[in-house]
Structures are given as structure tokens and as C-alpha cells.
Amino acid sequence: MKEIKHALILDNQLIADNIYKMTLEADGIAREAKAGQFVNLYCKGEAKLLPRPISICEIDKDRGRITLVYGVVGQGTKEFSTLKAGEKIEVLGPLGNGFKIDESKAKNIIVGGGIGTPPLVELVKQLKGEKEVYLGFRSQSILLEAFKVYGANVHVATEDGSEGFKGNVLELLKKNNAKGEIIYSCGPKPMLKAIAAWAKENEIAMQVSLEERMACGIGACVGCVCKIKEKDELDWQHKKVCKDGPVFWSDEVVWDD
Amino acid sequence: MIKEKHNLKVNIAGVELKNPVTTASGTFGSGREYGEFVDLNQLGAVTVKGVSSTPWKGNPAPRIAETYGGMLNSVGLQNPGVEEFIKNDIPFLRQYDTKIIVNVAGKSVSEYCEVVERLSHADIDLIELNISCPNVKEGGVTFGTDVKMAHKVTKEVKRYAKQPLIVKLSPNVTDITEIARAVVDGGADGISLINTLLGMAIDIHKRKPILANTVGGFSGPAVKPVALRMVYQVARAVSVPIIGMGGISTGEDAIEFILAGATAVAVGTANFRNPRATIDVLEGIKEYMVRYGIQSLDEIRGMI
């Protein structure tokens, strides 16, 4: 039977404004996890009732550890940010389907936006071939070194120009005339929508990791849906981000909102 | 060592459940997902997510908002329709030694009747008529908040039902007892309550409602006092068995509902926080019975 585990927190540090990196001793999760999957973290008590879905940033199968990089966006993640090494946290996972790594592709483009960047680290670690990583942030970048360690060329765009290219990540892709055989992406929906349109124009297959407000995280409540095409834009079904995703092919998604 | 001499069996309109614990419709799918966390054989019954005559797409996302001690949902009864349900989910659930309660959704009297007629030939144990979902426009809630409509839809559906008929009530009414009496008068063999309370949450940074549907159904531990009060009132107004629900996450919560008059209890939103909540509730009921030397829940049911 599956169950929520009480995982030991090995480390929980502030790495940028409002962004924390937590390392958990979670042997079972590390053994099974794939790039692009997530875990549920639970708050103490019942006041903050629902689990928080957090993507897995890195998997260390040898040492039985996972690393999570999360933004403090509400009361739940604020509680997580106060936890110290040596404390325990309730965790369930790995959940969802990760990226479908296509090893036949020699040239990979990886596009991350803001707090959607973390799951791309494990992906880049596992990808073979050329890895061109494009990251967009409002002002402050995260995880650049992690990507470089795994052999990626990293290109950064910031909206305020405080680091790298001034503008958004799509403008940077266009400016660099980026070429690749496949795109893997995670970030805010407007960014994914724009990159998906660019990918379609350039006839590049693209995988997107979507986000939606969840309750259970395991496919039971049908809360976290997105529109996935059956045939075309008009013939679609609500699929569960947690169970059917969070990774989908960009041409399956109805990008209407 | 707990001796298993106490009797957990309960009877809902002629259907015997091995114990009083079931699931609240819409929180447990058809048992597949939580069946990986708990042994479904241990549950008195599985109450499945609402089914309608044709597939329903449900409401747009976001459908979920957390609130203090609870949550809002505006799923809107997304489901694959009764045919897919019968084909895929009944064979799955029949692998387990548990009763099947099917929640029926509809937007008109004829649609409710169509689904119930179809289910009357299916291998299920009980029907739960959902006249109370707050998330479907022109839908269930108008039936569940209007005495005459609640009576009418129950009476019509009852003509097609071969299995005992439970009617699930909405708490979004002034006097729950008049609705309860109306559905019993219409032929309901049992009552379940409460469905979710209509609620709302606003994102103050975006200055917009969190739910795409603006309003949604409020559930979770925070609603328990309201649910308990309504079960207490309904238990005094009618004599049919009651399945009590609303914020139950422990055995102690369940005992409160049984003391207030519930025959069985359903665990809903608690599953999202604790995938083993159903079993924890069951174990908690057993511990209470052992502690107070209770042989059968009949000894304490409705004693408040």
C-alpha cells in the first residue's frame, strides 16, 4: 500500500528572494522518481488542509535523497520555509507523469520560467546531447550553476534587465535564432502558450509541464484540470494535471486561457 | 488486543453494510486512487462520484481553493456518463467485498430518471440522488432547495429505482427538516447529508475570485458543526436511516454523528489530507466501542 511518509529534512535554505531549497531523505521516492514528477508536502494540523504539490528539482538515487526548490507563495509554503534540518515533514510521492525523455534527439532546448525552473534541473541532468537552456525571470535568477554543472549552455532573460538579456525568454530564443529538435518547458501558462506558438511555427515538438490548483494530487478529486484536445480546439476533454500530467505535448493543449 | 466481539454492522434500507463507514461522493472517485492507500474490502460501502446520463465536462479551472480548516470546490460533476461508469467502474468495485452506492446527477427530472432507470439493471447496492450540488447551474441545487421540487424528483425517480433510494440533501436551506420530510414523503428510503455549503474565496492580489466559477462548495473540518446540527435535526424529523457527513476526519467525529442519529457516516474532504482517513475513522469507532463496552452502535445511535 502507498502511504504518506515522514521524511527527514536534511537542509532547507533560502536561495533567492522568497525561494527555498529543501533536501529530504526519502529513499523510496528517490528510487522511483522521474524528471518532471512532483511530491505532495503536507502542513501540520488541519487548518491548512490541502497538500502542496512541489516539483522535484533533483533526484539522488544513490543517497536516497530528493531536492525541492519552492517559492513562498502562501501560508503553506511559508510554513515549510520555517522548518529546520533535523525536523520531519509529511511527504507523498512521486506523483504524476514526468517528462518523456527522447534520447534520439541530439539538440535539446529547455525553457524555464520563474519558479517553473526547478524540475528542469533533473531533466537536464538526464538528457543526452546538446542542451541549450533558456531561463526567464522577473529580476533574480535561480539555479544557473546547477544547469551548468550538467553540461548545459545557459541563457538568461530578466524582465528588468538586471541579469542577462532584458526582456522575456521568447524574445531571447528569437534573438539567438535558437535551433533544436525538441523543447522541454515548465513555467507560467502565458509563457508556455507563447513558446508553444513559436515551437509550432518552427515545427519543433514540445513538452510542457502544467500547473493548476490541486486538492488530492492523486487523481481522485478532479480539481486540477486542463483542456486537452481529442481531435481539435473544439473537441477537447478536461484532463487531470496531477494524474494525466503534469507533462503534456504542447500541441495537445487547448491554449485558450 | 482489541476483541472483535462488537458488532459494526449497520442496515441502510435493507442493505447490510459490514461497518458504518463509507465515502462522500466526489472525494473518492470510484475507489481506484485511494484503493492504493487503503484496503477497500474494509469499507462498509464506497459511494462513487456523481454520474449523469451523458458525459459532463464540468466547470473551468481553477476549481479548488483552500480556506481555513476546509476547502472550496467547483468541479461541477465532471464525469464520463453512466454507460462508461457501468462498463469500467462497477466491475472494478465488485472485486472488493464492499457495497456500492452510486451518486446520481442530473439537470432535469427526466435526466435523473434516465440514469436511475439505467442503474436499476446494474449490479449496485444503493442509489444516492444528488439533488444538492451547488456547482451545476439550472441543476441539482434548485431541486435540493425547493420543497416541492425535492418531493417531485424523488417521487419520479423512485418509480424507476430497483435499489433503495437515498436522497442527498443540500445544507443551503433555511429549514432542512421540511426538505427531509418532503423527500421521505416522495419515497426516499434514506437520507444523506450534508452536501457542501455554498462559499467563496477572493485573491486579494489579483482582486478576483479564486474559483473560475466565482462560488463553490465548502467542505472539510470547518463545516462539521453545521453538518452535525443538520443531521441531529433531520434524525428527529424523519425515521429513515441517515448517512451523516460533513467534516468527519476521525472516529470521534463519526461517533458525534452517530450520537446525533446517523446510521452510517461518510468520509470526504479528509481523504485529501489523509489518504487513510476512512480506515482511521473506522479504527477510531472501534476504539470508542471497546472503551465504553458498546456491543452495537444501536445502543448509542440518536441518544442525544
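Which residue is the bridge partner of B:Leu72 in β14(B)? In this predicted model, the partner is B:Phe218, and the views below start from that spot.

A few ground rules come first. This is a predicted model, where local features need pLDDT of at least 70 and side-chain atom pairs count only at pLDDT 80 or more, while totals for chains, interfaces and linings use all residues. Residues are numbered from 1 along each chain as its sequence is written, chains are lettered from A and ligands numbered from 1 in the order in which they are written, and side-chain values use heavy atoms, with hydrogens and water left out.

**View 1. The open sheet of chain B has four strands.** Going across, the order is β5-β6-β14-β11, with antiparallel pairing. Strands here are DSSP runs of E with at least two residues, helices are runs of H or I with at least four, and both are numbered from the N terminus. Two strands pair if DSSP finds at least two bridges between them. Since β5 (64-67) and β11 (197-200) of chain B stand at the edges with a single partner strand each, one side of each is left without a neighbour in the sheet. From one strand to the next, the twist averages 40 degrees; the axes behind that angle are lines fitted to C-alpha atoms (for helices, over the stretch in contact), and angles run from 0 to 180 degrees between N-to-C directions.

**View 2. Here is strand β14 of chain B with two of its partners.** Strand β6 (residues 70-73) and strand β14 (residues 215-219) of chain B run antiparallel and are joined by three bridges. This is where B:Leu72 and B:Phe218 pair up. β11(B) also pairs with β14(B) in the antiparallel sense, over four bridges. Look for B:Leu198 opposite B:Gly217 of β14(B). As background, strands of a sheet pair through backbone hydrogen bonds, either parallel or antiparallel.

**View 3. Chain A has a closed barrel of six strands.** Follow it round as β1-β2-β5-β4-β3-β6, with antiparallel pairing. Direction ignored, neighbouring strands of this sheet are turned by 45 degrees against each other on average. Strand β1 (residues 5-16) of chain A pairs with β6(A) over four bridges in the antiparallel sense. Two pairs to pick out are A:Lys5 with its bridge partner A:Val91 in β6(A), and A:Leu8 opposite A:Lys88 in β6(A). Strand β3 (residues 38-42) of chain A pairs with β6(A) too, antiparallel and over four bridges. There, A:Phe38 has A:Leu95 of β6(A) as its bridge partner.

**View 4. Chain A meets chain B across this interface.** The contact (heavy atoms within 4.5 Å) takes 33 residues from chain A and 35 residues from chain B. About 2900 Å² is buried between the two chains, with carbon and sulfur atoms giving 60%; buried area is the accessible area (1.4 Å probe) that two parts lose on being put together, summed over both. The rule finds four salt bridges across the interface, where a salt bridge is a side-chain nitrogen of Lys or Arg within 4 Å of a carboxyl oxygen of Asp or Glu. For a salt bridge to zoom in on, try the side chains of A:Lys2 and B:Glu36, at 2.4 Å, N to O. On the chain A side, β6 (88-95) and β14 (236-240) are the elements that give two or more residues. The largest share, four residues, comes from β14(A).

**View 5. A salt bridge sits within helix α1 of chain A.** The side chains of A:Arg31 and A:Asp27 meet at 3.1 Å, N to O. These residues are separated by about one helical turn because they are four residues apart in helix α1 (residues 27-32) of chain A. Over all chains, a search of the whole structure finds 29 salt bridges.

**View 6. These are some backbone spots worth a look.** A cis peptide bond joins A:Gly93 and A:Pro94, with omega about -5 degrees, and A:Pro94 lies in strand β6 of chain A. In chain B, the cis peptide bond is between B:Ala61 and B:Pro62, with omega about 0 degrees; B:Pro62 is found in the loop between β4 (45-47) and β5. A:Asn177 is not a glycine, yet has a positive phi of about 50 degrees, in the loop between α5 (169-175) and β11 (182-186) of chain A. A:Glu203, also not a glycine, has a positive phi of about 55 degrees and lies in the loop between α6 (189-201) and β12 (205-209) of chain A.
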